[in-house]
Amino acid sequence: WYKMFPRSQGSVPGCPGTLVDAARRLPALAALGFDVVYLPPIHPIGRTHRKGPNNAPSAGPDDPGSPWAIGSADGGHTAVDPGLGTLADFDHFVDVAAEHGLEVALDYAPHCSPDHPWLREHPDWFVHRPDGSLKCADNPPYTFDDIVPLDFWCADRAALWAACRDVLLFWIARGVRTFRVDNPHTKPFAFWEWVIEEIKTAHPDVLFMAEAFTRPKAVRALAALGFSQSYTYFIWRTTAAELREYLTELTRTDLADIMRGALFPTTPDVLHAYLQTGGRSAFRIRLLLAATLSPLYGIYSGYELCEATALHAGSEEYLDSEKFQIRSRDWSAPGNLNADLTTLNRLRRAHRALQLADNLTFHDAENEAMLWYSKRGADPTTSLLIAVNLDPHHAQETMVHVPLELLGLDETTPFEVEDLLTGEHYTWRGRRNYVRLDPADRVGQIFRLWAASTPA
């Protein structure tokens, strides 16, 4: 997945981009090897309590506001923000994406700005305080006074639920088959069970991605209700022990029967301290992990430029967050990760082992700064062994324990492995073999068995 804000895709620095501008970038994203381009809400943005830069409580006349504050006099969830273009421009975007082998995923956020047409047409669909005023949205620790939640248990809930379903049907009719769902854990699970069944009965190919950064029990429940993919806690798992424990849970326990976890190193809401302090090497490390630990991964636009400035010390929010303002970027700026992305996405297409979720096994490395794991293939020649240095600041070395049984080898026969990232070959023997990784040069290696020697 590649997440982009169309309004930041303009060709003139500081000027807002449109869907037509965003469509011009699609060939480059396809060349990097992505499968899905994901758009935040593209709908009209409300004026009431519109947020300014860095979530300022008031906006200037030219501040675009948060795309998640959906609805204005220009329309609601089935309209396109006039600044981005028209429905015809969206259709053009979908067509260009398809020409380049890309699917379009759209954000689905069933809530409204105070200016949404539904407020005038169906005031009873919204949550009101005892004094009659509208309740604003909250997802602790955040409060959003530019957003008002829907009352999914209102007296007219049948009509409300049908309207929310019809939003999905509207975009499905325009070629969208994948929806990233905003904060589904803050809406009734009964609604998701109903609406997902309604949609999948008519359109079984439609996928739903749950963005639920909440308690594990809720994440598990949403997966069981029918969400096709889920965001995960990968962002906050940075040590070898944490990654082993969490990815084993995702892929080798009963959770794997109901949930497919997508690994995103960042989101527009979350910039982890590991990336804030680790420099370019940290971004390369997390990218390599995300792309090889799970068949589902994605990046948020700007990750390839190693954007790492936090709002303030101790914050996980970006400074000058794209959620509230337009960003201008040079996609070929020095230090970009385009080569890493192209190589990893090419390998993911070429190697079936990287396309599966339940073939991950962790193995022993004699240095906790190293993560050492395999992705099992159909036979020894298609299995992969992966080493990653989790320390973005220092070179690390270790003896890794090779699972000889996975490769069909014994303790005495020498064998040759190829690093798929560089094409280099190494001759190993037995279970314990040496790996050294300097993050200034390489953060990891992806090995495949090249050949086993005949014993002398």
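A residue is called buried here when its relative accessible area is under 20%, exposed when that area is over 50%, and partly exposed in between. With that cut-off in hand, select His351 as the opening stop in this predicted model: its relative accessibility is 14%, so His351 counts as buried.

**His351 and its surroundings**

His351 sits in the loop that runs between helix 9 (338-350) and strand 11 (360-362). If you show the residues around His351 and set aside those within four places in sequence, you will find it in contact with Leu384, Leu420 and Arg448.

**The whole chain**

Now zoom out until the whole chain is in view. Its secondary structure consists of 10 helices and 18 strands, and the C-alpha trace extends about 85 × 45 × 45 Å along its principal axes. A compact globule of 456 residues would have a radius of gyration near 23 Å, and the chain, at 23 Å, agrees with that expectation. Colouring by accessibility should bring out the buried residues, which make up 56% of the 456 residues, while the surface that the chain exposes comes to about 18,500 Å², with carbon and sulfur atoms supplying 53% of it. Of the contacts between residues at least 6 apart in sequence, 71% join residues at least 24 apart. If you colour by charge instead, there are 42 positive and 58 negative side chains to find, and the centres of these two sets lie 2 Å apart.

**The parallel sheet**

Next, select the open sheet of 8 strands, whose order is 9-8-7-6-3-2-1-10 and whose pairing is parallel. At its edges are strand 9 (261-262) and strand 10 (299-300), each of which pairs on one side only. Strands of a sheet pair through backbone hydrogen bonds, either parallel or antiparallel. Moving inward, pick strand 3 (residues 103-108) together with strand 6 (residues 178-182), which pair in the parallel sense over 4 bridges; Asp107 stands opposite Arg180 of strand 6.

**Strand 12 and its two partners**

Go next to strand 12 (residues 370-375), where 6 of the 6 residues are buried, so this strand is largely enclosed by the rest of the structure. Which way do the side chains of strand 12 point? Met370, Trp372 and Ser374 point one way, whereas Leu371, Tyr373 and Lys375 point the other way, and all of them are buried.

Strand 12 pairs with strand 11 in the antiparallel sense over 3 bridges, and in this pairing Thr361 has Ser374 of strand 12 as its bridge partner. Strand 12 also pairs with strand 13 (residues 384-389), again in the antiparallel sense, over 6 bridges. Here the bridge partner of Lys375 is Leu384 in strand 13, and Leu384 is also one of the residues in contact with His351, which links this stop to the opening one.

**Strand 14, a strand with two unlike faces**

In a regular strand the side chains alternate between the two faces of the sheet. Select strand 14 (residues 396-401) to see such an alternation: Gln396, Thr398 and Val400 point to one face and are buried, while Glu397, Met399 and His401 point to the other face and are not buried. Strand 14 runs antiparallel to strand 17 (residues 432-437), to which 6 bridges join it, and Thr398, on the buried face, has Val435 of strand 17 as its bridge partner.

**Three further residues**

Select Ser315, in the loop between strand 10 and helix 9. Is Ser315 buried or exposed? Its relative accessible area is 9%, so Ser315 is buried, and beyond its neighbours within four places in sequence Ser315 is in contact with Leu271, Gln276 and Ala310.

For comparison, go to Ser133, which lies in the loop between helix 3 (117-121) and strand 4 (137-139). With a relative accessible area of 26%, Ser133 is partly exposed, and once its neighbours within four places in sequence are left aside, its contacts are with Val127 and His128.

Finish at Ala159 in helix 4 (residues 157-172), a residue that is partly exposed with a relative accessible area of 31%. As a last step, draw a distance from the C-alpha of Ala159 to that of Ala59: these two residues are 100 residues apart in sequence and 34 Å apart in space.

Terms used
Residues numbered from 1 in each chain as written. Predicted model: local features only at pLDDT ≥ 70, side-chain atom pairs only at ≥ 80, totals over all residues. Heavy atoms only, no water. Rg over C-alpha atoms; globule rule 2.2 N^0.38 Å. Buried < 20%, exposed > 50% of the residue type's maximum accessible area, 1.4 Å probe, protein only. Contact = heavy atoms within 4.5 Å. Areas by Shrake-Rupley, 256 points an atom, 1.4 Å probe, with all protein chains shown as cover. Lys, Arg positive; Asp, Glu negative; His and termini not counted. Charge placed at Lys NZ, Arg CZ, Asp CG, Glu CD. Pairing = 2+ DSSP bridges.
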